[in-house]
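Okay, thanks everyone, I'll keep this short. Have a look at the model on the screen, and then I'll walk you through how the two chains meet.

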Amino acid sequence: MNRSFYIYVAACLFSFSTSTFSASSELAPRQGMSPLDKAKVHSVQAQNWAKMGKAGYDAEEVTERTTEGSSVSGIGSRSCTTNIGTTTTKSGVSSGKYGPSKNSDNIVIIKGDVVSLCK
Amino acid sequence: MKNLMKTGLAVGLIAVFSVATANAKVSIGGNNQQSVDVKGAVSNFAMGAGRATQNLASNSGKVTVGGNNKQSVDVKGAVSNFAMGAGKATQNLASNNGKVTIGGNNKQSVDVKGAVSNFAMGVGHATQNMASNNSED
């Protein structure tokens, strides 16, 4: 009786641990957009639809604010920089002088791939 | 004498160019709204030692907007920017580059249905900005 009880408890623990590990197997789970960001995306798309006179759209929306690129400094080198929805302020005397001073909305919707390549 | 004339002409051209660039200033007292709708693709190529700059609904240089600023670009196709050889390709979509001052609210949006690619090959320089703000001294 005791042995079967221990086997039952061990089985329960094993099944619990495997279910926990399988649930957290995704290392970087995709997080959805906040309702505010989603509303902004829909707003931009609605404006474009209104221009096109088109009602339907079925692709999934993706919004990102990223800076992608690679560069090698020096003469005779190549560089490629992709800024998407970013605000870059250079340091110096005029730091903070230029660019948007109040509220700033940067919305980028890209359906296809984003490729940045230095070769 | 011939060389002196050539030198004088070169200096003159440089002077004219620098004066022209120094005076390139845009000042908008009220609101600013820029929108571009492209049905096809958008591409920008710089080859050899060439320089290709493409601005869509963008502010570049010394620009002052007193009121609100709204920039939008809608592209149905793909967007590509290539710099090959020693070329320099710069592509701006709904972006502000340089000494751009905005007094009011700012809204920038880019909607691209296709892919976005940015390539630099050889010793080329490719810069691509979308709904971005880059200030400089």
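Before we start, one bit of vocabulary: I call two strands paired if DSSP finds at least two bridges between them. And please keep in mind that this is a predicted model.

So, with that in hand, look at S5(A) and S10(B): they pair in the parallel sense, over 7 bridges. If you want a spot to click on, Ile110(A) stands opposite Val112(B) in S10(B).

Now zoom out a little. That pair belongs to an open sheet of 4 strands, and the order runs S5(A)-S10(B)-S6(B)-S2(B), with parallel pairing. Which strands stand at the edges? Those are S5 of chain A and strand S2 (32-38) of chain B; each has a single partner strand, so one side of each is left without a neighbour in the sheet. As for the twist, the average from one strand to the next is 0°.

There's another place where strands pair across the chains. Strand S4 of chain A, residues 99-100, is joined to S9(B) by 2 bridges, and those two run parallel. Here you can find Pro100(A) opposite Ile102(B) in S9(B).

Okay, the contact as a whole. How many residues does each chain put in? Chain A gives 44 residues and chain B gives 43 residues. On chain B, the strands that each supply at least two residues to the side touching chain A are S9 (96-102), S10, S11 (116-120), S12 (125-130) and S13 (133-134). S10(B) has the largest share of that side, with 7 residues. If you like to think in chemistry, that side of chain B splits into 21 polar, 14 nonpolar and 8 charged residues.

Last topic, the nonpolar cores. The largest one has 20 residues, and among those with the most contacts inside it are Val108(A), Val73(B), Leu93(B) and Val110(B). The elements giving two or more residues to this core are strand S5 (104-110) of chain A, plus strands S6 (69-75) and S10 (106-112) of chain B. S5(A) brings the largest share, 4 residues.

Click on Val110(B) for a moment. Leaving out residues up to four places away in sequence, Val110(B) touches Val108(A) from the other chain, and also Val73(B), Leu93(B), Ala94(B), Met130(B) and Ala131(B). There's also a second, separate core of 10 residues, including Ala46(B), Phe82(B), Met84(B) and Ala126(B).

That's my bit, happy to take questions.

Notes
Residues are numbered from 1 along each chain as its sequence is written. Chains are lettered from A and ligands numbered from 1 in the order in which they are written. This is a predicted model: local features need pLDDT of at least 70, side-chain atom pairs count only at pLDDT 80 or more; totals for chains, interfaces and linings use all residues. A nonpolar core is a set of buried Ala, Val, Leu, Ile, Met, Phe, Trp, Tyr and Cys residues joined through C-beta atoms within 7 Å. A residue is buried if 20 or more other C-beta atoms lie within 10 Å of its own, exposed if 12 or fewer, and partly exposed in between; C-beta atoms are placed from the backbone. Two residues are in contact if their C-beta atoms, placed from the backbone, lie within 7 Å. Ala, Val, Leu, Ile, Met, Phe, Trp, Tyr, Cys and Pro count as nonpolar, Asp, Glu, Lys and Arg as charged, and the others, Gly among them, as polar. Axes are lines fitted to C-alpha atoms, for helices over the stretch in contact, and angles run from 0 to 180 degrees between N-to-C directions.
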